[in-house]
Amino acid sequence: MMRILAFDKQSAREFDQRLLEEALNYPVIWIDLVDPSEQEFQLVQERFNLHPLAVEDVVLKGQSPKVDDYSDYLFTVVHSVKSAEKEILIEEVFLFVGDRWLISIHSDNKQMNETFTRMLKTTTMSTQVRGPDFLYYFLVDKIVDDYSTILNEVEEKIAVLEEQVEENPTKEMLHEMDGLRRDLITIRRSIWPTLKLVGDILRGIFPLISDQNMVYFRDVRDHVTQLIDLIELYHGRVNSVGQLYLASVAASTNQVMKVFTVLAVIFLPPTLIASIYGMNFAHMPELRWEVGYPISLMLMFLVSIIPLAYLKKKGVI
């Protein structure tokens, strides 16, 4: 699907793809391709003379975030994140930025769709006057904002996991910790190249990015830097939860061993006495004592009570 949004100084207007040439008469134009067909992509490729290498990147996908300069336009790959049922998914968004136009290509990205609709309904003067490079910043900034949302969800999961581990650690929590680690690694693999992307823009080597709008990319860089710090912080917290889990399991195991040790201390001495007098030797003088049986019971009782009292006095039980 191809959507066209053209801006002038007063308003924004949406065009059908058949009116592409008419839309190009506007000062700024945004062409949004959502899961484009081969014909739609070829139309844009031929009309804007997109380089075969950039086209290849769009078709094959699997690119890290980057920005390439093709003289007449910039080609950018940005990673958008979204939360699935059991994992975090990465979506590639491709942006072509010219002197009066911007082309975005994506697979029905939620943030891009919402931005397109919002700009159509509530367009401000700043977007129209500042040109496609400001629109370029605006889209990149919105995509980066998604990382904050996802990291907030990760932080909530970590907080819940910390409480659960302290109260009742289970094996299922190990799987949850592994899932959180994978999510953080996935985000980190995308956010670090994004920082380099923004850094390349801030070097001021791309004439298509005006000095007036360069300051906005500094804000994006600061935001990305904060996200990287949060990722490292959350990764450390997940590792701490893992250590807390192991400590809790070890403490629980020690408690069980403590119970068994106390039982052994109580019951082993009387068992020893009973086993001695249960032997079938012919000459055991104590077997003929009239008071042998009650003495044996009394002795077994004492050797059980004395260690029990000692352990209780020492605070072991």
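**Surface, shape and charge pairs in a predicted model**

The model is predicted. The chain exposes an accessible surface of about 18,000 Å². Carbon and sulfur atoms make up 56% of that surface.

User: What radius of gyration does the chain have, against that of a compact globule of 317 residues?
Analyst: The C-alpha trace spans about 120 × 35 × 35 Å along its principal axes. A compact globule of 317 residues would come in near 20 Å. The radius of gyration of the chain is 36 Å.

User: How far apart do the centres of the positive and negative side chains lie?
Analyst: The chain carries 31 positive and 45 negative side chains. Each set has its own centre, and the two centres lie apart by 6 Å.

User: Is glutamate 91 buried or exposed?
Analyst: Glutamate 91 pairs with lysine 82 in a salt bridge, at 3.1 Å from N to O. Lysine 82 is partly exposed, with 38% relative accessible area. Buried means under 20%. Glutamate 91 has 16%, so this residue counts as buried.

User: Which residue forms a salt bridge with arginine 203?
Analyst: Arginine 203 is exposed at 57% relative accessibility. The closest N and O atoms of the pair are 3.6 Å apart. The partner is buried, with a relative accessible area of 15%. That partner is aspartate 200.

User: Why does arginine 18 count as exposed?
Analyst: Arginine 18 forms a salt bridge with aspartate 16, with the closest N and O atoms 2.8 Å apart. Aspartate 16 is partly exposed at 36%. Exposed means over 50% relative accessible area. Arginine 18 counts as exposed because its relative accessibility is 74%.

Methods:
Residues are numbered from 1 along each chain as its sequence is written. This is a predicted model: local features need pLDDT of at least 70, side-chain atom pairs count only at pLDDT 80 or more; totals for chains, interfaces and linings use all residues. Side-chain values use heavy atoms; hydrogens and water are left out. The radius of gyration is taken over C-alpha atoms; the globule rule is 2.2 Å times the number of residues to the power 0.38. Accessible areas come from the Shrake-Rupley method with a 1.4 Å probe; for residues, only the protein chains shown count as cover. Lys and Arg count as positive and Asp and Glu as negative; His and the chain ends are not counted. The place of a charge is taken as NZ of Lys, CZ of Arg, CG of Asp or CD of Glu. A salt bridge is a side-chain nitrogen of Lys or Arg within 4 Å of a carboxyl oxygen of Asp or Glu. Buried means under 20% relative accessible area, exposed over 50%, partly exposed in between (1.4 Å probe, protein chains only).
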